[in-house]
Amino acid sequence: MIRRIPIFAYDWTLVAAVLAVNALGLITLKSAAPSPDLMLTQLVGLAVGIGGAVVLQLASRRQVMAASYSLFAISLFLLLAVLVFGREVNGAKAWFVLGPFRFQPSELAKIALVLSLARVAASRPLVSILDYLKPLALAAPALALVLVEPDLGGAMVMAATVFAILFVRGMPTRHLLAGLALLAVLVPVVLWPNLKPYQQERVQLVLNPEQDPLGGGFQMIQSKIAIGSGGLFGKGYGQGTQTQLGFVPFRHTDFIFAVLAEEWGFVGALGLLLLYAILFLRLVRMAQECGRLEDQLVLVGIFSMLSFQVLVNIGVTLGLAPVTGLTLPLFSYGGSSLIMVYLAIGLAMLVHRDRHQM
């Protein structure tokens, strides 16, 4: 028996914001893509993503949450498998490649982590330090496997998601301060020495990209030139000289915001940010409307996962963050990322729809 979908129970403002961002992304990608084949691949990802989000609505919140640990176990298996059978792309062995299609298991792991961590965090308050062991032990294997690929950007997204869920769960101020103090020690003593040389260089170039203007700093410098040259209203669709002439590398993925800013100007860039603001405000509002803590934490996890990627990606194009390889959700080229975002949005809608059910 096919489950009836109550269409009036959904937040259609969220849906409109998602589709508007995605539509603007497709328009910009058509201008930025170095090959027409990329548009076709993106459209396939769009169809799969929307289809997956719709099919997800046939399930109930209870069924999805019950399957969360199994989904997380599958994602860990895929993260292990990609290290053995995956193909190395841009220095990271993070992809399964099937002909023209690529699948990045870390995208599935992000959603599985949100679901599983929400269940674990909701089950017990954070009173003592020991209460953090179970959620951190759950997240640690996924973080470690993603770092081994290496995918620093993906690991950063997961870490931000873990922090957001635990913070909203009710992290005491003393624990927060202790965590920040521990982080201040671990970053220079443990994390920084274990970064690969090119990763360390990316961090250093944020402070001074001109130290290597033809090498590692080239991307940031050209991106800022492109954004600045767009002015108030931009140079016109397909008319951006920095991006169209290839001065901005990875203009269809990491630096697609620079394409938008050069062609559509400050007005176009601001319009995109407003659409993202509507999307994220709706997610926050949906979380507030859920009475069950577990549901709130799922929505917080999805919010933090997507908003962190937007913040970092745009920060990279503005020269305010090191290049991490994170896509701009719903905007950049990337089938796995696009499918993940639609599944995450579909999950948020499902949880919010069933918020009154036991």
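Threonine 161 is buried, since its relative accessible area is 3%; buried denotes under 20% relative accessible area, exposed over 50%, and partly exposed the range in between, with a 1.4 Å probe and protein chains only. The model is a predicted one, in which local features need pLDDT of at least 70 and side-chain atom pairs count only at pLDDT 80 or more, while totals for chains, interfaces and linings use all residues. Residues are numbered from 1 along each chain as its sequence is written, and side-chain values use heavy atoms, with hydrogens and water left out.

Threonine 161 belongs to helix α7, which covers residues 152–170. Helices (H or I, at least four residues) and strands (E, at least two) are DSSP runs numbered from the N terminus. The side chain of threonine 161 reaches the backbone oxygen of valine 157 at 2.8 Å. This is a polar contact, defined as a pair of N or O atoms within 3.5 Å; within protein, one atom must be able to donate a hydrogen and the other to accept it, and residues adjacent in sequence count only if both atoms are side-chain atoms. When neighbours within four places in sequence are left aside, threonine 161 is in contact with Val114, Gly301, Ser304 and Met305, contact meaning heavy atoms within 4.5 Å.

Serine 304, one of these partners, lies in helix α13. With a relative accessible area of 7%, serine 304 is buried. A polar atom of its side chain lies 2.9 Å from the backbone oxygen of glycine 301. Residues up to four places away in sequence not being counted, serine 304 touches Ala160, Thr161 and Ala164. Valine 300 is likewise found in helix α13, which spans residues 293–317. A relative accessible area of 13% makes valine 300 buried, and its contacts, again without residues up to four places away, are Ala164, Ile165 and Val168. Ala164 is thus touched by serine 304 and by valine 300. In contrast to these contacts, valine 300 and glutamate 263 are 34 Å apart in space, C-alpha to C-alpha, with their positions 37 residues apart in sequence.

Aspartate 295 also lies in helix α13, and its relative accessible area of 0% places it among the buried residues. Its contacts, apart from neighbours within four places in sequence, are Arg61, Cys290, Val351 and Arg355. For the pair formed with arginine 61, the sequence separation is 234 residues and the distance in space is 9.0 Å, C-alpha to C-alpha. A further pair distant in sequence involves alanine 20, in helix α1 (residues 12–32). The C-alpha atoms of alanine 20 and tyrosine 276 are separated by 9.5 Å, with the two residues 256 apart along the chain. Alanine 20 counts as partly exposed because its relative accessibility is 28%.

Backbone geometry was examined in several loops. A cis peptide bond joins glutamate 149 and proline 150, with omega about -5 degrees; proline 150 lies in the loop between α6 (133–148) and α7. Phenylalanine 250, a residue other than glycine, has a positive phi near 50 degrees. Its place is the loop between α11 (241–244) and α12 (256–289), and at 37% relative accessibility phenylalanine 250 counts as partly exposed. Leucine 330, although not a glycine, has a positive phi of about 70 degrees. Leucine 330 occupies the loop between α13 and α14 (335–353), where a relative accessibility of 3% makes this residue buried.

For the protein chain as a whole, the secondary structure comprises 14 helices and three strands. The radius of gyration is 20 Å, which agrees with the value near 21 Å for a compact globule of 358 residues; it is taken over C-alpha atoms, and the globule rule is 2.2 Å times the number of residues to the power 0.38. The C-alpha trace spans about 55 × 50 × 40 Å along its principal axes. Of the 358 residues, 51% count as buried. Among contacts between residues at least 6 apart in sequence, 72% join residues at least 24 apart. The chain exposes about 16600 Å², of which carbon and sulfur atoms supply 71%; accessible areas come from the Shrake-Rupley method with a 1.4 Å probe, and for residues only the protein chains shown count as cover.
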